[in-house]
Structure formats: C-alpha cells, structure tokens
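Work through the exercises below with the sequence and the model at hand. Each task is followed by its solution in steps.

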Amino acid sequence: MHPRALTPGIRVAVAPRVYPSDMALALPPTLSPSKVSAFKDCALAFRFSVIDGLPEPPSPAAVRGTLVHRALEQLYCAEPPARTRVAALAALAQALAQARDHDGEYRQLGLEGEAEERFRAEAECLVHRYFEMEDPTTIRPIGIELLLEARLDGVRLRGIIDRLELDADGELVVTDYKTGRAPAPRYEQGRFGGVHFYAFLCEAVLGRRPARVQLLYLGDGVTIVATPSEQSIRALERRVGAVWQAVERACATDDFRPHPGPLCDWCAFQAHCPAFGGDPSAARSAGTVMAGV
Ligand code: SF4
C-alpha cells in the first residue's frame, strides 16, 4: 500500500467484492473491528447480522453513544477557543432534537416524559465527563470521523476513526470515544483488537504508524492508551487473516456455530438460535440477504 497525503476522509481504491461461485453464502464485503469481534464472540450471531442482514432493535446505550459522538464531532468542527462545554452541550441538544424529528432508531426507543429526560441527562453526563478527561482547546485534530479502508491480502478492512490528531511532537494519535465503562484490567487486552486495527489502517493508508491509540471511556472517565509497534501490527494482520479465513470457510459450508454465553442475554437473534430452540434457516428469509455494507 502506498502512503497517501494526510487528508481527512481519504479512501483507498478497492477491488470489487468477490463471490466465489461455489460459496453457499456470499462473503461480507469488508471487515471492521466490530465485525471481527462479532465473529469471534459468536459466529452464528455474526451470520444473522452481517450475512442475513437481520435487523437488531436499537438500545438506549447505542443511540445515546451515537448522539454523544455527534456532539463531539460538532465540537471539533469549531476553532479551539470555541470548543467549550457550553458549545458541546448545545451540539448535543441539537443532535437530540434532530434525532427526535428524523431518527428512526431514536423513535423506536419510545422515550417519553421522565424516560426521555433521564436519557438526555445521561447523555449530558457523558459530555461533562469528557471535559473532565481532556481540554479540547489543546487538541490538534487533522481528521474527525475519518473513514479509512485498506486491503489485507484478499479482504477489505474498513474503520472509522473518531479523531486523528497530532501531538506536540507532530506524531499521529488516534482517539476512540467509548460511551460505556472501561473493561476490568483482565479484559483490557481483548479490547485492543480494535486499537491495533486502527493503527494498521493508519499505517496502510497514511504511511505512518500512530505513536499512540487511546480509548476514552466516558462512562467512568478512564483512558486506556496503547502504543502500536511493528510486532503488534503484524500480529493484528495474522489475527484478522485467520478470522477472514474462518469467515470464508463458514460461508463456503454455511456452518456458523452458536457460541452460547453471557452475551446471549443481549442477543436479538435468540428466536432463530438453536441454543434457544430456534431454526437458523428461517432467518435467511426474514432478513435482507447481504446488505452490502
Ligand atoms: S443467542 Fe447466543 S448463541 Fe445464539 S446467536 Fe445469539 S449470541 Fe449466539
């Protein structure tokens, strides 16, 4: 991959999707950090979501997270002196008003009265916590909500970086906002898959490895920082390559195994899951086959 100019929104030209003729199921066109972790968590849930295109009802936490991301994105559209707490809360209020009028997922939550007020207060709390964690007037962003794509062997990798910035030494720093709480230390390593994924994309597309990737957990004010290395990026390549091979095998044989565990409690696909007495084959007719994203 050739280095590219450091320009927000840059995308790498990619080859068309490949659909080997003997595949039982079409391959997903891209892999992202969330798809990699979804496949590793439960291959069958991955199939329902990514291959069959079954809709998943929105959760308040996910919708709230999207709105807070929008507010912070808007904050960084302003010059440094204007990146105030008041401006961020106004951006959140605007995002909320737009969601109320136009966002189908927000409406699906059915929030009214006190519930809606609580939802708004919790979102505001995340914005206040953000200001306790860093001073946005000191940040030098060069990309916000930056879509990066690159090829790794036969697969297109794709990720959206919340914020790419330059530190005082002119080094690249990737910042990812998390609107939940930080994982317990013993689970931290499991969350770094996405971190190294972003580092790989930066190196592949921009020709420079970021000096740091930081996860800002607005739920409890914890920042986790990782320093990507040659070794960590090569390990990421091996891990993603192995996941892609497993996805190819599963698509070729239509063999996506359920992996029952704690995540089942939040799974939207229990009705189709054999672990809960469901029939996975019924899911295909219920979903939109290969939604192409
Ligand atoms: S209910 Fe559990 S095992 Fe079944 S698809 Fe969902 S996560 Fe996988």
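**Exercise 1.** Find how strand S3 pairs with S4, and name bridge partners in S4 for Val173 and Val174.

Solution. The model is a predicted one.
- Step 1: S3 covers residues 172-178, and 6 bridges join this strand to S4.
- Step 2: S3 and S4 run parallel.
- Step 3: Val173 has Arg212 as its bridge partner in S4, and Val174 is bridged to Val213.

**Exercise 2.** Describe the pairing of S4 with S5 and the turn between these strands.

Solution.
- Step 1: S4 spans residues 212-217 and S5 spans residues 222-226. The two strands run antiparallel and are joined by 5 bridges.
- Step 2: Val213, the partner of Val174 in S3, stands opposite Ala226 in S5.
- Step 3: Leu215 has Ile224 as its bridge partner in S5.
- Step 4: The two strands form a hairpin, with 4 residues between them. In the turn, Gly221 has a positive phi of about 75 degrees.

**Exercise 3.** Place the strands in their sheet and decide which of them stand at the edges.

Solution.
- Step 1: The sheet is open and has 5 strands, in the order S1-S2-S3-S4-S5.
- Step 2: The pairing in this sheet is mixed. Two of its pairs were treated above: S3 with S4 is parallel, while S4 with S5 is antiparallel.
- Step 3: S1 (140-152) and S5 each have a single partner strand, so each of these edge strands has one side without a neighbour in the sheet.
- Step 4: On average, and ignoring direction, neighbouring strands are turned by 35 degrees against each other.

**Exercise 4.** Classify the packing of helix H3 against helix H6 and list the residues in contact.

Solution.
- Step 1: The axes of H3 (residues 60-75) and H6 (residues 113-133) lie 10 Å apart, at an angle of about 45 degrees.
- Step 2: H3 is therefore oblique to H6.
- Step 3: The crossing of H3 and H6 is right-handed.
- Step 4: H3 contributes Pro60, Arg64, Leu67, Val68, Ala71 and Leu72 to the contact. From H6 come Phe119, Glu122, Ala123, Leu126, Val127 and Tyr130.
- Step 5: Sorted by class, the contact of H3 with H6 has 10 nonpolar residues, no polar ones and 2 charged ones.

**Exercise 5.** Do the same for helix H1 and helix H8.

Solution.
- Step 1: H1 (residues 33-41) packs with H8 (residues 230-253) at an angle of about 60 degrees, and their axes are 11 Å apart.
- Step 2: H1 and H8 are therefore oblique to each other.
- Step 3: The crossing of H1 and H8 is left-handed.
- Step 4: Val36, Phe39 and Lys40 of H1 meet Val240, Val243 and Val247 of H8.
- Step 5: The contact of H1 with H8 divides into 5 nonpolar residues, no polar ones and 1 charged one.

**Exercise 6.** Which residues are closest to the ligand, and how does the shell divide by class?

Solution.
- Step 1: The ligand is surrounded by 14 residues.
- Step 2: The closest are Cys42, Pro258, Cys264, Cys267 and Cys273.
- Step 3: The shell around the ligand holds 12 nonpolar residues, 2 polar ones and no charged ones.

Terms used
Residues are numbered from 1 along each chain as its sequence is written. This is a predicted model: local features need pLDDT of at least 70, side-chain atom pairs count only at pLDDT 80 or more; totals for chains, interfaces and linings use all residues. Axes are lines fitted to C-alpha atoms, for helices over the stretch in contact, and angles run from 0 to 180 degrees between N-to-C directions. Angles under 35 degrees count as roughly parallel, over 145 as roughly antiparallel, 65 to 115 as roughly perpendicular and the rest as oblique. A crossing is left-handed if the near helix is turned anticlockwise from the far one by less than a right angle, and right-handed if clockwise. Two residues are in contact if their C-beta atoms, placed from the backbone, lie within 7 Å. Ala, Val, Leu, Ile, Met, Phe, Trp, Tyr, Cys and Pro count as nonpolar, Asp, Glu, Lys and Arg as charged, and the others, Gly among them, as polar. Two strands pair if DSSP finds at least two bridges between them. A residue is near a molecule or strand if its C-beta atom, placed from the backbone, lies within 6 Å of it.
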